[in-house]
Amino acid sequence: MMKKILTAMALSLMAVACTQKEEQPVQYGEISVRLANEVGVEVTTKAYTELTPEQAADYWVYITGGTEYAGYSSKYAEFEPQRLPLGTYTVSAENITAGAAEEGMGEKRLYGATEVTLSTENINPDVEVNCSVANALVTVEFDSESVDPAQFDDLKVEVTGGDNERTFTVLAAGEASGNLQSVGNTEIWFNPSTVSYKISGTFIQTGKVVDITGSKALVAKNHMKILVSVNLENGQISNDL
């Protein structure tokens, strides 16, 4: 009888042992990052050159994704390889934020992102992020051979676009006031958007009012040039895109 009881207890213990879930240890991998930079503003080929540590020092690097991962950000000069649980992550980098790229005349923004999966087969990946031009350039020029600012009253070009529809005014002559104005030929950066322009002023000799408008949808790497010129025979003003 005792032998049967002991056997029953042994079988019961075996059943419990077989149903217990074995805890698997969390496995980790390490992500290292290198930055490369696309060559030129208007790019027709995938030509990249690796940034030197000095050139990339102030770029911001971000790691997002994974499971219940709060994310990581650091300047490239201060970046340290990140030890993370196995999973899929997005590594991105930029020289400035989209908002900062539209302050005043704006600034060329370089941005790139790539996805990496940490796995037992890819435990220590060296991730290369290719940064390319992420915004658009608008150049306003007054034709020096035909445009004499002294012949016009308040000749100017107003350019509007970007994330916040900011308007930048380029004066043919005079003095700029504030960080959203300039005098003479000017380069302005906008985040991808429909950019509109207005050329206005008065031709003093005839009193003719100039009023020319237009717009164009710009994407990353676009460069739109607005060339303001005057027909010297009749004082008609025109714009070439």
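**Exercise 1.** Is Tyr 69 buried, partly exposed or exposed?

*Solution.* The model is predicted; local features require pLDDT of at least 70, side-chain atom pairs count only at pLDDT 80 or more, and totals for chains, interfaces and linings use all residues. Residues are numbered from 1 along each chain as its sequence is written, and side-chain values use heavy atoms, with hydrogens and water left out.

Step 1. The classes are buried (under 20% relative accessible area), exposed (over 50%) and partly exposed (in between), with a 1.4 Å probe and protein chains only.
Step 2. Tyr 69 has a relative accessible area of 24%, so Tyr 69 is partly exposed.

**Exercise 2.** Describe the aromatic pairs of the protein, beginning with Tyr 69 and Tyr 89.

*Solution.* Step 1. Rings of Phe, Tyr and Trp (its six-membered ring) pair if their centres lie within 6.5 Å; planes under 30 degrees apart are stacked, over 60 edge-to-face, and the rest tilted. By this rule there are three aromatic pairs.
Step 2. One of them joins Tyr 69 and Tyr 89 edge-to-face, at 5.5 Å centre to centre and 90° between the planes.
Step 3. Tyr 69 lies in the loop between strand 3 and strand 4 and Tyr 89 in strand 6, so the pair ties together parts 20 residues apart in sequence. Helices (H or I, at least four residues) and strands (E, at least two) are DSSP runs numbered from the N terminus.
Step 4. Tyr 89 is buried, with a relative accessible area of 2%.
Step 5. The ring centres of Phe 152 and Phe 203 are 5.1 Å apart and the planes stand at 50°, so this pair is tilted. Phe 152 belongs to strand 10 (residues 152–161) and Phe 203 to strand 14 (residues 193–203), 51 residues apart. Both Phe 152 and Phe 203 are buried.

**Exercise 3.** Where in the chain do the partners of the salt bridge between Asp 126 and Arg 34 lie?

*Solution.* Step 1. A salt bridge is a side-chain nitrogen of Lys or Arg within 4 Å of a carboxyl oxygen of Asp or Glu. The whole structure holds eight salt bridges.
Step 2. Between Asp 126 and Arg 34 the N to O distance is 2.9 Å. Asp 126 is in strand 8 (residues 126–133) and Arg 34 in strand 1 (residues 28–38), so distant parts of the chain, 92 residues apart, are linked.
Step 3. Asp 126 is partly exposed at 44% relative accessibility, and Arg 34 is partly exposed at 27%.

**Exercise 4.** Which parts of the chain does the salt bridge of Glu 102 and Arg 166 tie together?

*Solution.* Step 1. The side chains of Glu 102 and Arg 166 meet at 3.7 Å, N to O.
Step 2. Glu 102 lies in the loop between strand 6 (87–94) and strand 7 (110–118) and Arg 166 in strand 11 (residues 166–171), so the pair ties together parts 64 residues apart in sequence.
Step 3. Glu 102 and Arg 166 are both buried. Elsewhere, salt bridges that share partners join Arg 34, Glu 50, Asp 126 and Glu 128 into one network.
Step 4. The charged end of Arg 166 also sits over the ring of Phe 190, 4.6 Å from its centre; the rule asks for NZ of Lys or CZ of Arg within 6 Å of the ring centre and within 35 degrees of the ring normal.
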